[in-house]
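Visitor: I am new to this structure and would like a close look at one part of it. Could you pick a helix and walk me through its surroundings?

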Amino acid sequence: MAEKLGVQPSNLILGNGSNEIIEFVGHAYMAPGVDVVVSQYCFAVYPLVTKLFSATLVSVPAKKLGHDLAAMLAAITPRTRVVFVANPNNPTGTAVSSAELLRFVEQVPANVLLVMDEAYLEFLDGAADLVAQIRSGAKPNLLLMRTFSKIYGLAGLRVGYGIAHPDLIAAFEKVRQPFNINSIA
């Protein structure tokens, strides 16, 4: 995977689906008194994990059923530790342009973890290459989540993966259960 993505193995973590990667974020970043910013119509697991770790969910009203990235940026406060964005979005299927997404990524403060859920990335034409941000080390606060479930039709295997700066991956490795991926997967 590292060779295919042009990253180092230390930039990758595997999870029992992307859901487990989201849980790693919860363990490493969420606690009482911490804000988590999401779009109004977001993947159902983001609010569940936020609640699990007693963090505060900040739901930003959608714009035409999609992410209002400007409003999401405005919702970031000193209490914000995590922002979740799925592009294309699940459950609405909406997507933001590559240019708009790249501007957003650049504007998220360095002390806030930006989790980009790219589970449906392969269904986009001309998707932004956010892996380049990982390769260059430009955004150590960026986590990309992907899965083999959608485009590869392997949902039953439950293999998701995260791509991020090695320090972020190391933090997730500290909270990951041993043997979290089964031998068939």
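Guide: Happy to; what follows is a walk around helix 3 and the strands and loops that go with it.

Please keep in mind that this is a predicted model. Helix 3 spans residues 45-52. Let us begin with its inward side. Val 45, Tyr 46, Val 49 and Thr 50 are the buried residues here. They fall within an arc of only 135° around the axis, so they sit on the same side of helix 3. A general rule helps in reading that pattern: an α-helix has 3.6 residues a turn, so residues three or four places apart point the same way.

Now turn to the other side of helix 3, where Leu 48, Lys 51 and Leu 52 are exposed. And what lies over the buried residues? The cover includes helix 2 (17-29) along with strand 2, strand 3, strand 4 and strand 5.

Leaving the helix, we meet Ser 54 just after helix 3. Ser 54 belongs to the loop that leads from helix 3 to strand 3. Its phi is near 60°, which is a positive value in a residue other than glycine. Ser 54 counts as partly exposed because its relative accessibility is 45%, where partly exposed lies between the cut-offs of 20% and 50%.

The loop brings us to strand 3, which covers residues 56-60. Strand 3 pairs with strand 2 (residues 35-39) in the parallel sense, over five bridges. To find the pairing by eye, look for Val 36, which stands opposite Leu 57 in strand 3.

Step back a little and you can place this pair in the whole sheet. The sheet is open and has seven strands in the order 1-7-6-5-4-2-3, with mixed pairing. Strand 3 and strand 1 (12-16) are at the edges with a single partner strand each, so one side of each has no neighbour in the sheet. From one strand to the next, the twist averages 20°.

Following the chain beyond strand 3, we come to the loop between strand 3 and helix 4 (69-75), where Lys 64 is placed. Lys 64 is another non-glycine residue with a positive phi, near 55°. Lys 64 counts as exposed because its relative accessibility is 78%, and the cut-off for exposed is over 50%.

That completes the walk: you have seen helix 3 with its buried residues on the same side, and strand 3 at an edge of the sheet.

Notes: Residues are numbered from 1 along each chain as its sequence is written. This is a predicted model: local features need pLDDT of at least 70, side-chain atom pairs count only at pLDDT 80 or more; totals for chains, interfaces and linings use all residues. Side-chain values use heavy atoms; hydrogens and water are left out. Two strands pair if DSSP finds at least two bridges between them. Helices (H or I, at least four residues) and strands (E, at least two) are DSSP runs, numbered from the N terminus. Axes are lines fitted to C-alpha atoms, for helices over the stretch in contact, and angles run from 0 to 180 degrees between N-to-C directions. Buried means under 20% relative accessible area, exposed over 50%, partly exposed in between (1.4 Å probe, protein chains only). The arc is that of the directions from the helix axis to the C-beta atoms. Contact means heavy atoms within 4.5 Å.
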